[in-house]
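Subject: Structure for your review

Dear colleague,

Please find below the structure that I am handing over to you. My findings follow after it, and I would be grateful if you read them with the coordinates open.

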Amino acid sequence: MFLFERAFASKSVLVFLLMILHSCVFAGTDSPVPMEKTPAWVIEKAVIVPKDIPKDDIDNGVYYLHADNQIKVDEGKKTVYYARFAELVVNREGLEAVSQINLDYDPSYQKIALHSLLIHRGDQRIDKTKTAKTTLL
C-alpha cells in the first residue's frame with residue numbers, strides 16, 4: 001500500500017467553479033502546467049492514515065483519506081481555489097486508478113498551477129512534482 005497525495009490551485013474570475021477533480025495533471029520540466037509553491041494563505045491540514053481501513057470504503061482499490069478544498073477571494077474580486085487530495089492505494093486496481101490524473105479547467109478564463117505530487121511508500125516520500133509527465137489537451 002502507498003499514499004498518493006496531490007495539491008493544486010486554480011484562479012478564476014467566477015465566484016463559483018465546478019471542477020472535476022477525480023484525478024490530476026502530472027508535471028514535468030517542460031510542463032504546460034506551472035509549478036508553484038503552496039500559497040501562504042492555505043491552511044495545511046494533516047493527512048491521517050487509519051490503522052484499520054473499512055473495507056466497504058475502498059473504491060476500485062483506493063481508500064480516499066483526505067479531500068481539502070479552500071477558497072480565497074481577494075480585493076480585486078478574483079477567486080482562487082486550492083484543492084489537496086490524498087488517496088491510499090490498497091491493491092493493483094488502485095494503482096491503475098491513480099496512475100493517470102486529469103484536471104479540467106478552461107484556459108480562456110482560468111489558470112492552474114500544481115503545488116505538489118507526492119507518493120508515500122512506507123517511510124519513503126517520493127516527490128514526483130518535477131519529474132512526472134504532463135499532457136495538455
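The notes below go from the overall fold to individual strand pairs, salt bridges and the nonpolar core.

Please bear in mind throughout that this is a predicted model. The mean pLDDT of the protein chain is 75, with 77% of its residues at 70 or more. Residues 11-29 have a pLDDT below 50, although this stretch has 79 contacts in the model beyond near neighbours in sequence. I would ask you to read that region with its pLDDT in mind.

**Overall architecture**

The secondary structure consists of one helix and six strands, and the order from the N terminus is β-β-β-β-α-β-β. Of the 137 residues in the protein chain, 42% are buried. Among contacts with a separation of 6 or more, 74% are between residues 24 or more positions apart. The chain exposes about 9,000 Å², of which carbon and sulfur atoms supply 53%.

**Strands β2, β3 and β4**

Strand β2 (residues 58-59) and strand β3 (residues 62-73) run antiparallel and are joined by two bridges. Aspartate 59 has valine 62 in β3 as its bridge partner. The hairpin of β2 and β3 has two residues between the strands. Asparagine 60, in the loop between these strands, has a phi near 55 degrees, which is positive although the residue is not glycine. As general background, most residues other than glycine have a negative phi. Asparagine 60 counts as partly exposed because its relative accessibility is 45%.

Strand β3 also pairs with strand β4 (residues 79-89), again in the antiparallel sense, over eleven bridges. One pair to inspect is lysine 72 with its bridge partner in β4, valine 80. Five residues lie between the strands of this hairpin, and lysine 77 takes a positive phi near 65 degrees there.

**Helix α1**

Leucine 95 is located in helix α1 (residues 92-98). Its relative accessibility is 40%, so leucine 95 counts as partly exposed. The C-alpha atoms of leucine 95 and asparagine 60 are 9.2 Å apart, while the two residues are separated by 35 residues in sequence.

**Strands β5 and β6**

Strand β5 (residues 110-121) is mostly covered, with nine of its twelve residues buried. It pairs with strand β6 (residues 124-127) in the antiparallel sense over four bridges. Within this pairing, leucine 118 stands opposite aspartate 127 in β6. The two strands form a hairpin with two residues between them, and glycine 122 in the turn has a positive phi of about 65 degrees.

**Salt bridges**

How many salt bridges does the count come to? The count comes to two.

One of them joins the side chains of glutamate 44 and arginine 84, at 3.7 Å from N to O. Glutamate 44 lies in the loop between β1 (2-12) and β2, whereas arginine 84 lies in strand β4, so the pair ties together parts that are 40 residues apart in sequence. Glutamate 44 is partly exposed, at 48% relative accessibility. Arginine 84, by contrast, is buried, with a relative accessible area of 8%.

Aspartate 68 forms a salt bridge with lysine 45, and the closest N and O atoms are 3.7 Å apart. This pair links distant parts of the chain, with aspartate 68 in strand β3 and lysine 45 in the loop between β1 and β2, 23 residues apart. Aspartate 68 has a relative accessible area of 3% and is therefore buried. Lysine 45 is partly exposed, at 42% relative accessibility.

In each pair, then, the residue in a strand is buried, as given for arginine 84 and aspartate 68. The partners in the loop are partly exposed, as given for glutamate 44 and lysine 45.

**Nonpolar core**

The largest nonpolar core has five residues in all: Ile53, Tyr63, Leu65, Ala86 and Leu88. Strands β3 and β4 each supply at least two residues of this core. As a general point, nonpolar side chains in soluble globular proteins tend to be buried together.

Should you wish to begin with a single region, I would suggest the β3 and β4 pair, with its eleven bridges and its contribution to the core.

With kind regards

How values were computed:
Residues are numbered from 1 along each chain as its sequence is written. This is a predicted model: local features need pLDDT of at least 70, side-chain atom pairs count only at pLDDT 80 or more; totals for chains, interfaces and linings use all residues. Side-chain values use heavy atoms; hydrogens and water are left out. pLDDT is the predictor's confidence in each residue, from 0 to 100. Contact means heavy atoms within 4.5 Å. Buried means under 20% relative accessible area, exposed over 50%, partly exposed in between (1.4 Å probe, protein chains only). Two strands pair if DSSP finds at least two bridges between them. A salt bridge is a side-chain nitrogen of Lys or Arg within 4 Å of a carboxyl oxygen of Asp or Glu. A nonpolar core is a set of buried Ala, Val, Leu, Ile, Met, Phe, Trp, Tyr and Cys residues joined through side-chain atoms within 4.5 Å. Accessible areas come from the Shrake-Rupley method with a 1.4 Å probe; for residues, only the protein chains shown count as cover.
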